[in-house]
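Work through the exercises below with the sequence and the structure at hand. Try each task before reading its solution.

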Amino acid sequence: MEKVIKNYKLSPDALVMVAGSSIGTQKKYYEKGYWYKQNHVGFEGVSEYLASKVLSCSNI
């Protein structure tokens, strides 16, 4: 089964954080009870997904 990355249009008012000290710093948004991060450099979403899967197998 192929996974499809969804595109979301978020309100500018949902922007929470822009500042950061690294190249990979993404804009962060919070809207309607969900957090979103802008995929700026590429593959951040895949990295987040894999980290979530690994952590779901742990007791952390």
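The exercises go from the overall chain to single residues, and the model they use is a predicted one.

**Exercise 1. Elements and their order**

Find how many helices and strands the chain has, and state in what order the elements run.

Solution. Step 1: count the elements; there are one helix and three strands. Step 2: read from the N terminus on, which gives the order β-β-β-α.

**Exercise 2. Overall dimensions**

Compare the radius of gyration of the chain with that of a compact globule of 60 residues.

Solution. Step 1: for a compact globule of 60 residues, a value near 10 Å would apply. Step 2: the chain has 13 Å instead. Step 3: add the box filled by the C-alpha atoms, roughly 35 × 30 × 25 Å along the principal axes. Step 4: look at burial; 8% of the 60 residues count as buried. Step 5: turn to the contacts between residues at least 6 apart in sequence, of which 7% join residues at least 24 apart.

**Exercise 3. A strand pair**

Determine how strand 2 and strand 3 run relative to each other, and describe their hairpin.

Solution. Step 1: the two strands are antiparallel and are joined by four bridges. Step 2: within this pairing, Lys28 stands opposite Lys37 of strand 3. Step 3: two residues lie between the strands of the hairpin, and Lys32 has a positive phi near 55° there.

**Exercise 4. The salt bridge**

Which residue forms a salt bridge with Lys37, and which parts does the pair tie together?

Solution. Step 1: the structure contains one salt bridge. Step 2: the partner of Lys37 is Glu48, with 2.5 Å between the closest N and O atoms. Step 3: Glu48 belongs to helix 1 (residues 44-56) and Lys37 to strand 3 (residues 34-37), so the pair links parts that are eleven residues apart in sequence. Step 4: check exposure, where partly exposed lies between 20% and 50% relative accessible area. Glu48, at 38%, is therefore partly exposed, and Lys37, at 40%, is partly exposed as well.

**Exercise 5. A nonpolar patch**

Name the residues that make the nonpolar surface patch, and place Tyr30 in its element.

Solution. Step 1: the patch consists of Val16, Met17, Tyr30 and Trp35 and covers about 420 Å². Step 2: Tyr30 sits in strand 2 (residues 28-31). Step 3: the relative accessible area of Tyr30 is 40%, so Tyr30 counts as partly exposed. Step 4: for the whole chain, the accessible surface is about 5700 Å², and 59% of that belongs to carbon and sulfur atoms.

Terms used: Residues are numbered from 1 along each chain as its sequence is written. This is a predicted model: local features need pLDDT of at least 70, side-chain atom pairs count only at pLDDT 80 or more; totals for chains, interfaces and linings use all residues. Side-chain values use heavy atoms; hydrogens and water are left out. Patches are made of residues with over 30% relative accessible area and no salt bridge: like charges are joined within 9 Å, nonpolar side chains (Val, Leu, Ile, Met, Phe, Trp, Tyr) within 5 Å. Accessible areas come from the Shrake-Rupley method with a 1.4 Å probe; for residues, only the protein chains shown count as cover. A salt bridge is a side-chain nitrogen of Lys or Arg within 4 Å of a carboxyl oxygen of Asp or Glu. Buried means under 20% relative accessible area, exposed over 50%, partly exposed in between (1.4 Å probe, protein chains only). The radius of gyration is taken over C-alpha atoms; the globule rule is 2.2 Å times the number of residues to the power 0.38. Contact means heavy atoms within 4.5 Å. Two strands pair if DSSP finds at least two bridges between them.
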